[in-house]
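The following exercises concern ring pairs, strand pairing and cysteines. Each task is followed by a solution in steps.

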Amino acid sequence: MNVPFLDLRAQHDPLRQEIMTAVQEVVDRSAFAGGPYVTAFEEDFAAFCQTKFAIGVGNGTDALWLALLALGVGPGDEVITVPSTFMATAEAISYTGAKPVFIDIDERTFTMDPALLERAITPRTKAVIPVHLFGQVADMDPILAIARKHGLPVLEDACQAHGAEYRGRRAGSLGIAGAFSFYPGKNLGAWGEAGAVTTNDPALAQKIRVLRDHGQDKKYYHSDIGWNGRMDGIQGAVLRIKLKGLAKGNAARRAHAAYYDQHLAGLPGLKVTPPAPYGVPVYHIYAVRVAERDRVLQALTQRGIGCGIHYPIPVHLQRAYASLGHAAGSFPVAERCAQEFLSLPMFPELTPAQLEQVVSEVRSALAPQGAAAAAR
């Protein structure tokens with residue numbers, strides 16, 4: 001049995017008629033750029049995230065970038081984040097003209113290590129971006145306490161954490177704002193590109209609305225130099241329908257992760273990561289750490305098990321950021337994890353037979369005879 005890494009068709013087929021009807025409504029009303037379907041989704045998503053506002057934008061990178069701009073981040077500033085993330089986190093900082101400043105991650109959660117935060121703060125620091133990697137919320141209480149002490153806003157990179165919780169509060173409601181991506185493969189995925197910013201701050205929400213629409217506070221009256229970062233009406237309609245099933249989908253992901261945890265724990269050469277005691281993760285990615293990652297990945301691929309690596313090169317070692325001068329060894333935990341992360345199939349519609357097959361093939365790939373076969 002082949003098991004895909006992700007199966008979007010299994011997710012969309014039961015919703016196809018409802019979504020196609022909604023898309024037809026958008027077409028009939030010509031509500032393509034922003035408009036009532038985006039507004040309706042914004043209201044629903046804000047309620048889901050336990051925030052007062054959600055502002056729909058073009059994608060997750062726009063969400064990060066526009067939120068930083070609205071917070072006043074610009075040239076000469078520094079923003080503290082982590083190197084264990086997708087490139088967009090750092091890109092958004094760079095596109096404000098600011099400099100990304102990295103600190104290492106906590107080996108137990110793969111998220112920002114709060115113990116390293118304060119020493120990275122300088123007079124130029126303007127904001128902090130913890131990344132809720134793989135759907136696990138960063139340890140926000142100490143991060144927020146340090147940020148408050150220094151008068152710094154905290155922007156959550158929640159692009160992989162739709163519905164994740166920290167001490168009973170939803171991702172995106174903890175800092176001054178949260179940035180979300182609705183890339184199709186996310187827990188809440190659009191039928192294209194889309195993103196959103198959540199916040200409880202009315203002034204910040206209005207600033208982002210202006211910036212996403214060419215800096216207009218009303219049509220043809222431009223108070224700011226903005227950007228074309230609106231969400232499409234079709235995406236708003238699709239996302240509103242799919243949002244209704246997000247909590248159920250996240251619960252299924254947690255059940256799948258518990259199965260993996262139980263059946264993969266204790267295998268030589270592999271480490272599972274239990275959820276942090278302070279939170280409820282949503283497992284956008286289920287990543288294990290494997291000592292012989294590349295060999296095991298090759299073996300699983302040959303056996304029809306879809307796997308991935310998130311992410312093989314930490315951001316500080318990407319050629320695009322060579323100018324920052326970070327050498328190998330600068331952030332050892334992030335670098336070690338990047339060499340060992342292996343992402344196993346994870347989506348709500350995984351069947352018991354598929355989960356059993358993945359576990360069986362992982363066990364086989366890790367066994368001594370599996371290593372010998374791969375070497376031949």
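Two strands count as paired if DSSP finds at least two bridges between them. The model examined here is predicted.

**Exercise 1.** Determine in which sense strand 5 and strand 8 pair, and place both in their sheet.

*Solution.*
1. Strand 5 and strand 8 (residues 177–181) are joined by three bridges, and the pairing is parallel.
2. One of the residue-level partnerships is that of Asp157, whose bridge partner in strand 8 is Ala179.
3. The sheet is open and has four strands in the order 1-9-8-5, with mixed pairing.
4. Strand 1 (53–57) and strand 5 (155–157) are the edge strands; each has a single partner strand, so one side of each lacks a neighbour in the sheet.
5. From one strand to the next, the twist averages 20 degrees.
6. Helix 4 (residues 60–70) packs on this sheet and touches strand 1, strand 5, strand 8 and strand 9 (195–199). The direction of helix 4 makes about 160 degrees with that of strand 8.

**Exercise 2.** Characterise the aromatic pairs in which Phe110 takes part with Phe134 and with Phe341.

*Solution.*
1. The whole structure contains 15 aromatic pairs.
2. For Phe110 and Phe134, the centres are 6.2 Å apart and the planes are at 75 degrees, an edge-to-face arrangement. The cut-offs involved are centres within 6.5 Å and, for edge-to-face, planes over 60 degrees apart.
3. Phe110 belongs to the loop between strand 3 (99–102) and helix 6 (117–120), and Phe134 to the loop between strand 4 (125–128) and helix 7 (140–149); the two are 24 residues apart.
4. Phe110 has a relative accessible area of 4% and is buried, and Phe134 is buried at 6%.
5. The centres of Phe110 and Phe341 are 4.7 Å apart with planes at 80 degrees, so this pair is edge-to-face.
6. Since Phe341 is in strand 15 (residues 341–344), the pair ties together parts 231 residues apart in sequence.
7. Phe341 is buried, with a relative accessible area of 1%.

**Exercise 3.** Describe the surroundings of strand 15.

*Solution.*
1. Strand 15 pairs with strand 14 (residues 286–290) in the antiparallel sense, over four bridges.
2. Within this part of the model, Phe341 of strand 15 is the bridge partner of Arg289.
3. Phe341 and Ser343 point one way from strand 15, while Leu342 and Leu344 point the other way; all are buried.

**Exercise 4.** Identify the residues of one aromatic cluster and the charged groups placed over Phe48 and Tyr221.

*Solution.*
1. Phe41, Phe45, Phe48, Phe180 and Phe182 are linked into a cluster by ring pairs.
2. Over the face of Phe48 lies Arg170, at 4.3 Å from the ring centre.
3. Elsewhere, Lys218 has its charged end over the ring of Tyr221, 4.6 Å from the centre.

**Exercise 5.** Why is Cys337 not bonded to the closest cysteine sulfur?

*Solution.*
1. A disulfide is a covalent bond between the sulfur atoms of two cysteines.
2. The search of the whole structure finds zero disulfides.
3. For Cys307, the nearest cysteine sulfur is that of Cys337, 18 Å away.
4. Conversely, the closest cysteine sulfur to that of Cys337 is in Cys307, and 18 Å is too far for a bond. The cut-off for this step is 2.5 Å.
5. Cys307 counts as buried at 19% relative accessibility, and Cys337 is buried at 0%.

Methods:
Residues numbered from 1 in each chain as written. Predicted model: local features only at pLDDT ≥ 70, side-chain atom pairs only at ≥ 80, totals over all residues. Heavy atoms only, no water. Phe/Tyr/Trp six-rings, centres within 6.5 Å; stacked < 30°, edge-to-face > 60°. Buried < 20%, exposed > 50% of the residue type's maximum accessible area, 1.4 Å probe, protein only. Lys NZ or Arg CZ within 6 Å of the ring centre and 35° of its normal. Axes fitted to C-alpha atoms, helices over the stretch in contact; angles between N-to-C directions. Contact = heavy atoms within 4.5 Å.
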